[in-house]
Structures are given as C-alpha cells and as structure tokens.
Amino acid sequence: MNNDPDITRGVKDGMRIMTGLAASRGFVTGPVFLFRTTANEQVSEYRVEQDQVAHELARLSDAFALTRTQIRSLALELGKRISGDEATIFDGHLMMLDDPAFLGSCKEKVSKNRVNAEVAVNVVSEKYSSIFAAMDDAYLKERAKDVNDIAKRIIRNLLGGADAHAFRAERPCIVVADELTPSETISMPKNLILGFATDRGSNTSHASLLARALGIPAVVGLGSISETVRTGDMLLLDGTRGKVIVNPGRAERLAFEKMVARSKTLEEKLEQGKLLPGATSDGHAVPLLANVDHSTPMTGLYSVGAEGVGLYRSEYLWLTFDREPTEEEQTHAYTEATRALPEGQPVTIRVLDLGGDKMTKGAAASHKEANPFLGNRSIRFLLRNPEVFRRQLRAILRASAHGNVQLMYPMVATIEELRAANLELHGCMAELREAGIPFNEKIKRGVMIEIPAAALIADALAKESDFFSIGTNDLIQYTLAVDRVNETVARLYQPTHPSVLLLIDMTVKAAHAHALPVSVCGETAADPVMAVLLVGMGVDELSMSPNLIPLVKKIVGQVAFSDARNLADTVRCMLGAPADKVYTYCRKQVMKLAPELLYLQ
Ligand code: PEP
Ligand code: MG
C-alpha cells in the first residue's frame, strides 16, 4: 500500500518522479547541485625523454606522498564524525598507496614506456581496478571504485592540484551525481549537504555506507537523474523509500514538508527499543526479519533490529554475475550470509526467481516470452532445468551446515511442483550424504504463497511443507491482473482489495491448522498500517527492507494483539467495500492505536 500518495501519484507538469534504491533514510528538500564525476581525469599523453625520466619519477613520488597526506587527513576527519566499520573506509586506500607494487608499476611504465606520470597512473590503476571488478565477492568488486578514486586524486595532484570537480556550492543543497566516490563524499562540507541522489550505486558502495553513517539521506541507482536535472532545480528526496521528485508542485511540497517535520520526531523515538524482539504491546511475539540479497551489508542488520532474514533473493546473484553462479560461488555467498547473522537467526534462502522483470541479459535475449510474468518463471524454470536447480539446492544445503538456513520455493502453483521440488531436494541430500558433505538433515522447506492458486490449495501445500511466506507483491498482481511494474495501472494495485485479504486469510488459516508459521515478505509487510492488519489476521512474522524494520517494529509494539485482531475482524466484514475505503478505515484505526503513525500523514 502506498504510504505517501503525494510522492507516487504521477507526473505533473514539469515535475519528474524518479525511483531508485533507498540508500540512507530520511527526507530532505532543497536545490540541486550537479556534481559530475563520470570519467577519470582527461589525461594527455606525452613522451618523456631520457633526461626527463628522473624528474618524472620524482613527480610521481611527490604525487603519491601528497595523496597519502590528503587521504590521512580525510580519514582523520571521518574518524571524528563517525565510528565503527565505516570509519575505516580509507584504510584500503592507504594500503593501496603504501603498496610498493602500485608505485613500482607506475614508475616502471614511466621508465620503460617513457610515458608521462599521469598516463602511467591511469594505465596501472585501470589494470588494478579491472582485477577487482572481475571478482565475484561483492565487497571486493566494490574496491575497484577505491582504486579509481585514488587514481583520480593522484592525477589531480600531478596536474597541480587542480580539482576539476570541486564542490563549489555555497548554500545547502542536494548533491546529484552519476556516482560518488567515498573521498568525494567525505570531502564535501557536511553542513552544506542535505542529501545525495545518484544515477548509479548499490547498497555496498562506499558512498552509500558513508551517507548512512553520516546520517545524510540518499537515494542511489536512479538511472539518469544527473542527465535530468540542472543545478538549482528543486528536489524532494525521500531516502526512506528511495524516491525523488524533481521540481515538485505546491501540493507535493506541502505534503512533503509536513512529513519531514513529523518524521523527525518519530525517528528519535524509533531508536528506543529497536533492538528488542518485535512484539505487540501485550507481548504477542511478531519477529521482524529482513529482505536481503547478496549485496546487502549483513552486519548492518543487527543495528536495525532485524531478527533474521525472511527472504534472501538469490536471483540477484545471477543478475549481478549475468550468468549462473557456480555451485561453489553460491555456497560461498549463502554461507557468508549465514555466518554474518547471530547464531540461531534464520536465513531464508529463496531458490531462483528469474523471469518476469528479472532476467539476465543472455536469458532476456534468448528466451523472449510474450508474457514473461505468466511464463517460464521461477520454480517452473528450475523444474525444466534440473541441473541448475540441483546446483542451487546443493549450495543451499551446504550452507545449512553453518547456521539456521531455511529453503523457500517461490511461485508454486500446484502440489506437483512442490513434490517435484522436494524430490530434487531429497536427491541432492542423498548425494551430499554419500559424499560425506555436511548439511542440516532437518532443513526447513517453505512455500511462497504468491499465486492465488497456491492460497486456494494452501491446505494441501501445508501438509508437505514447514512454513509459508506470503509474497504479496506477486499475490496482488496475479489476483487483480495488475502488472506490478506498470505505473499506468498502479492505482489498481490494491493490497486491501477484499480478494487479496481473503486469500491471505485462507493461507493463514490453512497454515495454522497444520501448525505451520506464516510470514509475509512482500512490501505490504513494510506498510505499518498493513503490518498491524496482517498481525491481526494471524500472520506470525513480517519480513521487509532492513531500513523499514525500526518503524514497523515500533508501530506493532504500540498496538495490543486483541486490538489488531478486532481490526482484522471488522475488515473481514467489509468485503463489499472498495479497497481504498478498507485501507482508510485501517489507517484511522491504527492511528488511534498508535499515534506514532503521524509519520505517514
Ligand atoms: C513477492 O512477490 O511478494 C516477493 C516477496 O517476491 P518478489 O518481490 O521478489 O517477487
Ligand atoms: Mg514474488
């Protein structure tokens, strides 16, 4: 359910609404400062004559030394502002600068190839950076950007310190760039930075980590915002939901300002009790888990109060690699995620859900389908490609030796699919057993309920699984025949449509009749109003984007279980009412029970 209708309503005259990744929570409004950072510095090449080599080598050494001094002072500055892992961001830069091989290779290029120092740094850093970029580990991959960052700085210093992209804003602004490096991010005067909005970037990019650590709202992965805006344009930036509005109208501005003021108060309150287990005010446990993928910084889950991973979207590994990851690569990724969590916390790994809007480039080119959301997606693809399925199942099983790994099948529509999937699982278990490879023999297998057919046969599915997780993102799309990625039908995408609520109700009842726990891992769980309703309907756990956990935990904690149940009972009697009326009613009730919900108004 849309919490903030003013942000997602649509495009008005001159106004642009853009959606990206919520990299750092918070709301800001302000003028754009366009900060272009794309390419490495333009470096002109010239030949260094024999009698100039010593001079060129000295220039190189001086530039390295100056860069080291600058980075040390940035690290010092950072250490004053923040603590913890983020404060060590520049350690890698310094290590690289101190690495004799780096300077040595640059010097070799100058002396042997007789190229100028700038070109030598460019060539050597590109080689280093491409080695990092080719690595499978998401963290190491990101280090390619550190190399580029250092190279830029060294080259600037070689060019006499001229900083082509200096931050020249004189008043507080939202920095828009194609991408930001950590040293660019930290070099900017914090008192002038209201927020960041970038074309590219991921959760593990250092600029995102820094923005979070510095408490600066940020939205990354916006695609083309740096091409869309100009310095001086007005921007509303919602780092909590990953949205920006360029040149908003008066109504949007007013609504946003109201939200900013109110969110401030709430943000302070969210800090209290966020590490306690999720529960209603009268102690009914409602664990709050995180939806993640391999690029999510898992150590950050503790600080938002996540009680485990309710959904690990494994297909992002395929999308990042743009190919099938090997069994070893998968085992490594799943094991890493498992080990990063406190002992006993579940990691619910969902098997591959490729298809629909999630395709590798190769698959998109070779498997064109007229209706990919209704096509060879997810479990259907896996059952038709048993080798791919078995490699993934073995990897998940192998990770299960290291912690509380759970396995989840997406897009199940029939009992045969569940049985066929379990058969593959048992086959893989037998193989591992025979090979003496350890795994958890009692690994829990869950079914995602995200196709109406699955909700309707939930009773049968429950008999052959250990838990259910309701994927409302797809359940709504398939129940209402509303494409979840088509903004022109977004208004018809209604979580409180009575048909959707009926299917959720049926699923919960079937699960509980067989003593199965049931969670919701679709976006509906992250809407505080819906979260209360879902708890009232008997949903046992909620799983969502990590940064929304403190808010939902707070709201659930304000409401008594009996009140949530009463709300669900009333809603069950509203089957004839339009979906938006049902939502409005729920919001009113939840606001009475948890005034903290002011945040949303
Ligand atoms: C869902 O459908 O609700 C879900 C969580 O899965 P995804 O969004 O990855 O399709
Ligand atoms: Mg889904």
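Which residue has a backbone N or O atom that lies 3.1 Å from an oxygen atom of ligand 1? In this predicted model, where local features need pLDDT of at least 70, side-chain atom pairs count only at pLDDT 80 or more and totals for chains, interfaces and linings use all residues, the residue is threonine 472. Residues are numbered from 1 along each chain as its sequence is written, chains are lettered from A and ligands numbered from 1 in the order in which they are written, and side-chain values use heavy atoms, with hydrogens and water left out.

The contact of threonine 472 is a polar contact, that is, a pair of N or O atoms within 3.5 Å, where within protein one must be able to donate a hydrogen and the other to accept it, and residues adjacent in sequence count only if both atoms are side-chain atoms. In the side chain of arginine 313, an N or O atom is 2.8 Å from an oxygen atom of ligand 1, while a polar side-chain atom of aspartate 474 lies 2.9 Å from an oxygen atom of this ligand. Ligand 1 exposes 280 Å² when taken alone, and the protein buries 99% of that, with accessible areas from the Shrake-Rupley method with a 1.4 Å probe, for which, in the case of residues, only the protein chains shown count as cover. The largest share of the shell around ligand 1, three residues, is given by H20; helices (H or I, at least four residues) and strands (E, at least two) are DSSP runs, numbered from the N terminus.

Aspartate 474 also takes part in the metal site, since the protein donors of the magnesium ion (ligand 2) are Glu450 (OE) and Asp474 (OD), at 2.0 to 2.1 Å from the ion. Donors are N, O and S atoms within 2.8 Å of the metal (3.2 Å for Na, K and Ca), and water is not among the atoms, so sites may look incomplete. Glutamate 450 belongs to the loop between strand S13 (444-449) and helix H18 (452-456), whereas aspartate 474 belongs to helix H20 (residues 472-480), 24 residues apart. Both residues are buried, meaning under 20% relative accessible area (exposed is over 50%, partly exposed in between; 1.4 Å probe, protein chains only).

Strand S13 is part of a closed barrel of eight strands, S9-S10-S11-S12-S13-S14-S15-S16, with parallel pairing, where two strands pair if DSSP finds at least two bridges between them. S13 and strand S14 (residues 467-470) are paired in the parallel sense over four bridges, and methionine 448 stands opposite serine 469 in S14.
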